[in-house]
Amino acid sequence: MANKKKNKTRVAFKKNRQKTVRIQDLTKQVIENAEGVADFQSGERLSGKGDVSRYRTIITDDDAGRSIEGEADNCSGGKVLSAIGSNNVSVYCDGVIYRCTVRRVVRTLSRSARSAVVAGDHVLFTKANNHSGVIERVEPRTSTLSRNSRGEAHIIVSNVDQAVIVASVAEPDLKLGLIDRFLCSTEKGGIRGIICINKMDLCNPKQLQPIIGQYARLGYTTLLTDATTGQGIDELRTLLVNKETVFTGQSGVGKSSLMNAIQPGLALKTSHVSGDSHKGRHTTRTTTLVEMIGGGWIVDTPGIRQLQLWDVAKEELECMFIEFRPFVTRCRYPNCSHTHEANCGVRLATETGSISPLRYQSYLRIFTGDDSWSWALQSKSH
Ligand code: GDP
Ligand code: ZN
């Protein structure tokens, strides 16, 4: 075996252990969670330097560290399809699904044990018998989609490349404001937003040309589809190849129909991947990646299809309307809200036609908190 190399790593303290740090007022220095410390690997050091001690150094020189240094050759790369706790993780590798557990050091190195391994993660894992294995390392995530629960953000899926924002021309009516809202969210998440306008059988395509033009000028791909006849489906399918994609949009616009048109059964498969029938109820509540025949992944999470993917704060809204960016610097006031101020670069650009009035209207509605889109936050019960 190769020489073991000691790795020192600084990791954030878990929240329930933060009270053990040395603080200025020594009389209040009560170690509340001392028993929790015994649970850590030996070779770990705590450093007691005020704020700095919210981090700790761990030395990974035991079994847990072996795949990180030295034996990475014995590991395989895989993609996590679903993770139900750390003992039931489905990892996809070369057409096979492995049921994996998570090496303890991976959990220790994670900021939150619950988010140590999530659907979408690229992992290195050691294969064992009967399509089982142990996850040794989680590769850095390119993007994460989180849900807030009791003040804590839980990552529900990682490495999403793009979101297909589905709207329909009728039944329900086309709401450009809602498309803009979803676009802000994808900009915030740092992923590509693709606009898909469905139910084209219910309108004349010519009517949509100005709208397509508006988004095309901003660099957003816009597709026109009809899930009932298959119009635009090949184009949509092509955009999904080798990507990890989320479908999002108002209820009833045709997301499930589109997914099933792309690949029959795609929108229905969510509960089957992990395969445990006695856990059926549990698995249907779990984020799952569904494989595309031509390569790529569709993220399917109960309720995610109507969720606003990433929350955008008012102050950052101006940057999420990407065409506003060059004009924001021309406002007289640095904290300009672009709603009413004099000498506002954004308003001037709207008046002179550099910014679409429809997009500016969307900005105003979102900024002023017009609540008419609040249903977008509600999840669909499956
Ligand atoms: P979801 O809630 O976004 O997943 O929407 P569904 O896929 O469940 O579709 C809602 C309704 O719209 C269903 O009755 C579909 O048959 C219908 N629908 C979906 N796509 C189209 C389309 O392209 N044209 C028309 N006319 N109806 C569609
Ligand atoms: Zn302004």
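**Notebook: strand E12 and the zinc site**

I looked up the cross-strand partner of Ala167 and found that Ala167 stands opposite Ile197 in E12. I note that the model I am reading is predicted.

I then examined the pairing behind that contact. Strand E11 (residues 162–168) runs parallel to E12, and I recorded 7 bridges between the two. I also followed Ile197 towards strand E13, where Leu224 is its bridge partner. E12 and E13 (residues 222–224) are likewise joined in the parallel sense, over 3 bridges.

Next I traced the connections. E11, helix H3 (residues 176–189) and E12 form a β-α-β unit, which I entered as right-handed. From E12 the chain passes through helix H4 (residues 209–217) to E13, and this β-α-β crossover is right-handed.

I asked why E12 may be described as largely enclosed by the rest of the structure. The reason I entered is burial: 6 of the 7 residues of this strand (residues 192–198) are buried, so the description holds. The cut-off I applied for buried is under 20% relative accessible area.

I turned to the zinc ion (ligand 2) and listed its protein donors: Cys331 (SG), Cys336 (SG), His338 (ND1) and Cys344 (SG). I noted that they lie 2.1 to 2.4 Å from the ion.

Which geometry does the site of the zinc ion (ligand 2) have? I entered it as tetrahedral, with angles of 102 to 114° among the 4 donor atoms. For the sequence spacing of the donor residues I wrote C-x4-C-x1-H-x5-C. Finally, I checked the accessibility of two of the cysteines, Cys336 and Cys344, and found both buried.

Conventions: Residues are numbered from 1 along each chain as its sequence is written. Chains are lettered from A and ligands numbered from 1 in the order in which they are written. This is a predicted model: local features need pLDDT of at least 70, side-chain atom pairs count only at pLDDT 80 or more; totals for chains, interfaces and linings use all residues. Side-chain values use heavy atoms; hydrogens and water are left out. Donors are N, O and S atoms within 2.8 Å of the metal (3.2 Å for Na, K and Ca); water is not among the atoms, so sites may look incomplete. Four donors count as tetrahedral if all angles lie between 85 and 135 degrees; four count as square planar and six as octahedral if opposite donors are over 155 degrees apart and all others between 65 and 115; anything else is irregular. Buried means under 20% relative accessible area, exposed over 50%, partly exposed in between (1.4 Å probe, protein chains only). Helices (H or I, at least four residues) and strands (E, at least two) are DSSP runs, numbered from the N terminus. Two strands pair if DSSP finds at least two bridges between them. A crossover is right-handed if, with the strands pointing away from the viewer, the path from the first strand over the helix to the second runs clockwise.
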